[in-house]
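User: Hi! I am new to protein structures and would like to go through this one step by step. Could you help me with a few questions?

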Amino acid sequence: MIEQMKSNQDSTEQIKAAMQKQGLIKVPDIPAASEKDSKYRRVAKFLLLIGVEEAAKVIPHLEPEQIERIVPEIASIRSVDPEEATVILAEFKGLLEKQKNSGGVDVARSILTRVYGEKKAEEMLAKAVPFSDGVPFEYLADLDKDKIYLLLKDESEYIRALVLSFLKPQLAADVIKCMTPEEKSQTVLRLAKLKSVDQDVIRRVDQSMREKMEQINTEKAESVDGRNALAQILKKMSPEAEDSILSNLADNDPELAVNLRERLFTIEDFINSEGVFIQNYLRGMSDRDVALLLAGKSSAFKAKIYGNISQGRGDRILEETELLQPVKRAEAEEVTAKFFAAMRRAWESGEIFVKGRDEDEYVM
């Protein structure tokens, strides 16, 4: 179920909606794995379980006071054992079910079960809706080739061929490249011979793969580095959101804020940075993109940008800025995210020097 959430954008949107509509503290009444855990700590563990990419999408949709409570919890978590992970995921699955309970297969199943009993209800649903959980193997679509190969490597060539036949051609080809020569030969041969398959067989294989994927992922969720995970989450957020969270942390937990800043390349770091890379990178950006980058930024940030371009170009960009007003937030955020990703990579590789942070790494 963890990987299903990570690979399914719709599930992520449902999680966001559930958290916003019902509130973080209105989780299903399932016994907590630890009575000492606050509800914010359990949300923090949930965010770690669904992974950096999805957590970074969820956090900006929370209330500021919720973020203030959850962020320190993420940083302090060291492990989530498999049993606790299962309980936490069950809690949030229940929350999602509440959101989805206005119709669909689950409602139909509930009604049919009350009228005909569970066994008869499932038989009727199987005939009416062969794949009530969605398109077969759709939860594999966004996984990388290595994870899919891990799922399939111990299966027969028939199962491997069946699953691959439902994937996009490029992804299926990438998975086959991960196989041993013998596996490749067997799987490709079986794929070539694969014809119509009974829907019940597809359904059973689909369910088996779901369960196997959940088991593999739960086994991997035994040990986490909360602070490192939080740093990775912050890297995926916009620089403004990242800076806001770090500023709030500085008031409530200065030590944690300092530790996280050491792992990140922040807006403040960019303002205090030096290096030819900055000028070269700005030279490769269009005037329009630089204008979008400057939109909504602080005077210190703007001064840093103008200080790394010629006065003539600065005048042109200023004119471009006036012509673009008002700027669409989405466009500005896209350009900003790309810019800071490049700056961070340059800092990590030593192409950018940050005053106040990197002095001990250099000698004269």
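**A cavity, a pocket and a helix**

User: How many cavities of 30 Å³ or more are there?
Analyst: Happy to help! Keep in mind that this is a predicted model. A cavity is a space where a 1.4 Å probe fits but cannot get out. By this rule, the count of cavities of 30 Å³ or more is 1.

User: Which helices each supply at least two residues of the lining of the largest cavity?
Analyst: The largest cavity holds about 50 Å³ of space. Its lining is made of Ile-67, Glu-68, Val-71, Pro-72, Ile-245, Asn-248, Leu-249 and Asn-252. Now look at the ranges: one helix covers residues 64-76, and another covers residues 239-252. The helices that each supply at least two lining residues are α5 and α15.

User: How many residues of that cavity's lining are charged?
Analyst: Sorting the lining of the largest cavity by class gives 5 nonpolar and 2 polar residues. What remains is the charged class, with a count of 1.

User: Why are the buried residues of α15 on the same side of the helix?
Analyst: The buried residues in α15 are Pro-239, Glu-242, Ile-245, Leu-246 and Leu-249. They share a side of α15 because they cover an arc of only 130° around the axis. As a general rule, an α-helix has 3.6 residues a turn, so residues three or four places apart point the same way. For α15, then, the value to remember is an arc of only 130°.

User: Which residues are exposed on the other side of α15?
Analyst: Exposed means over 50% relative accessible area, while buried means under 20%. The buried side of α15 is covered by elements including α14 (226-236), α16 (254-263) and α22 (329-348). On the other side of α15, the exposed residues are Asp-251 and Asn-252.

User: Which helix gives the largest share of the lining of the second largest pocket?
Analyst: The second largest pocket has about 440 Å³ of space and is lined by 20 residues. Elements that give two or more of these residues are α4 (52-58), α5, α15 and α22. The largest share is 4 residues, and it comes from α15.

User: Finally, what percentage of the residues in the protein chain is buried?
Analyst: Let's step back to the whole chain, which has 22 helices and 2 strands. Its length is 364 residues, and the buried share of them is 40%.

Definitions and conventions:
Residues are numbered from 1 along each chain as its sequence is written. This is a predicted model: local features need pLDDT of at least 70, side-chain atom pairs count only at pLDDT 80 or more; totals for chains, interfaces and linings use all residues. Side-chain values use heavy atoms; hydrogens and water are left out. The expected span of a helix is 1.5 Å times one less than its number of residues. Buried means under 20% relative accessible area, exposed over 50%, partly exposed in between (1.4 Å probe, protein chains only). The arc is that of the directions from the helix axis to the C-beta atoms. Contact means heavy atoms within 4.5 Å. On a 1 Å grid over the protein atoms alone, a cavity is a set of points where a 1.4 Å probe fits but cannot get out, and a pocket is an open set with protein on both sides within 12 Å along at least five of seven lines; lining residues have an atom within 4 Å of a point. Grid points are joined across faces, edges and corners, and a volume is the space filled by probe spheres set on the points. Ala, Val, Leu, Ile, Met, Phe, Trp, Tyr, Cys and Pro count as nonpolar, Asp, Glu, Lys and Arg as charged, and the others, Gly among them, as polar.
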